[in-house]
Amino acid sequence: MTAAPGDRPDHEPVELLAGLATTRTVRRYTDEAIPDDDLSSIVWHASRAPSGSNRQPFRFLVLRDGPRAAAAKAVLGESFRRGWQAKRLADGYDAAVVADDRSPKARSAAAMQHFVDHLERVPVVVLVCLERYRDANAYEGASVYPAAQNLLLAARALGYGGALTMWHLAVEAELRELLEIPDHVALSACITLGRPAGRHGPVRRRPIAELVFDDGWDRPAAWAVDPDGTRHSTWRRSSR
Ligand SMILES: Cc1cc2nc3c(=O)[nH]c(=O)nc-3n(C[C@H](O)[C@H](O)[C@H](O)COP(=O)(O)O)c2cc1C
């Protein structure tokens, strides 16, 4: 059951730190289904994640090709298209495409458009849920998002890619009804999974010096340095 990526002929094993440094959101997939064994391994590794008091409140509602899955993917597809349309307008993606259609933002817009246009064909959609055992609170996600990230990393280790999204929230009521999800269960994330189509660029983040402080807020951590060749995102630290 444990991942043995080296046993699979179609991709190279990924060393843990290399996986952490290079796993990024994949929004274009082939139509290839994810076999039961691989999907089992992905959710098993996801479930190894930590949670408060080891209560393991995370649940994975997996949508593949059953009749309800098809209906849920259709509901999600509409929501994703509306969500992207709103984000495209609000976050200046159209202007970025006009300015330079090879820029990271323009490429991201193209990937996003493809993603939402093909949502119904994504091989696997996982609703990562939280089965509440007490009243909702601001920190409850801390016991489910580590599992979501484990799931993405396990998928990567087996040669798949994924996207953690929140565009399911706009259709939460429809999903609850369709999939009979009880009220005490939160729909914490919606993760799409499949075999990546094509290549994707490097992970880009802000310079590590902007993200790490030492011995007090905003005090520089001279020891925290980006490895040579690290690519940075264009987001800049903003003042509040
Ligand atoms: C809490 C959270 C919400 C996100 N929501 C969405 C989403 O609704 N749609 C989407 O396409 N990607 C979504 N993402 C993926 C982010 O856009 C992505 O992680 C980020 O831009 C960094 O890109 P990278 O993973 O390719 O490096 C989300 C990620 C997180 C962690």
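Two residues are taken to be in contact, or to touch, if their C-beta atoms, placed from the backbone, lie within 7 Å. The structure examined here is a predicted model, in which local features need pLDDT of at least 70, side-chain atom pairs count only at pLDDT 80 or more, and totals for chains, interfaces and linings use all residues. Residues are numbered from 1 along each chain as its sequence is written.

A good place to enter the structure is alanine 163, which is found in strand 3. Strands (E, at least two residues) and helices (H or I, at least four residues) are DSSP runs, numbered from the N terminus. Not counting residues up to four places away in sequence, alanine 163 touches Thr25, Val26, Arg27, Phe115, Ile191 and Thr192. Burial is judged by counting the other C-beta atoms, placed from the backbone, within 10 Å of a residue's own: 20 or more make it buried, 12 or fewer exposed, and values in between partly exposed. Alanine 163 has 22 such atoms within 10 Å and is therefore buried. Histidine 200 lies 37 residues from alanine 163 along the chain, and 13 Å separate their C-alpha atoms.

Alanine 163 also belongs to the surroundings of the ligand, together with Arg24, Thr25, Met112, Leu164, Thr165, Met166, Trp167 and Val203. A residue is placed in this shell if its C-beta atom, placed from the backbone, lies within 6 Å of the molecule. Strand 3 (residues 161-165) contributes the most to the shell, with three residues. By residue class, the shell holds six nonpolar, two polar and one charged residue. In this scheme Ala, Val, Leu, Ile, Met, Phe, Trp, Tyr, Cys and Pro are nonpolar, Asp, Glu, Lys and Arg are charged, and the others, Gly among them, are polar.

Attention now turns to the nonpolar core. Such a core is a set of buried Ala, Val, Leu, Ile, Met, Phe, Trp, Tyr and Cys residues joined through C-beta atoms within 7 Å. The largest one has 45 residues, and those touching the most other members are Val128, Leu151 and Ile191. Two or more residues each come from helix 2 (36-46), strand 1 (58-63), helix 3 (67-90), helix 5 (104-117), strand 2 (124-131), helix 6 (145-157) and strand 4 (185-194). Helix 6 supplies the most, with eight residues. The contacts of isoleucine 191, again leaving out residues up to four places away in sequence, are Val126, Val128, Ala148, Leu151, Leu152, Gly162, Ala163 and Leu164. Two of these partners, Ala163 and Leu164, are also named among the residues around the ligand.

Seen as a whole, the protein chain has eight helices and four strands. Read from the N terminus, these elements follow the order α-α-β-α-α-α-β-α-β-α-β-α. The radius of gyration, taken over C-alpha atoms, is 19 Å, close to the 18 Å that the globule rule (2.2 Å times the number of residues to the power 0.38) gives for 240 residues, so the chain is as compact as a globular protein of that length. The C-alpha trace spans about 50 × 45 × 45 Å along its principal axes. Of the 240 residues, 28% count as buried. Among contacts with a separation of 6 or more, 79% join residues 24 or more positions apart. The domain assignment, which is automatic or drawn from a database, gives domain 1 (11-203) and domain 2 (204-240). The centres of the two domains, taken over C-alpha atoms, are 27 Å apart.

Several individual residues round out the picture. Valine 171 sits in the loop between strand 3 and helix 7 (172-179), yet counts as buried because 21 C-beta neighbours lie inside 10 Å. Apart from neighbours within four places in sequence, valine 171 is in contact with Val75, Leu76 and Ser79. Proline 67, by contrast, lies in helix 3 and is exposed, with 7 other C-beta atoms within 10 Å. Between proline 67 and leucine 164, which are 97 residues apart in sequence, the C-alpha to C-alpha distance is 23 Å.

Two residues that are not glycine have a positive phi: asparagine 54, at about 55 degrees, and aspartate 218, at about 70 degrees. Asparagine 54 is placed in the loop between helix 2 and strand 1, and its 7 C-beta neighbours inside 10 Å make it exposed. Aspartate 218 is found in the segment after helix 8 (208-211) and likewise counts as exposed, with 5 C-beta neighbours inside 10 Å.
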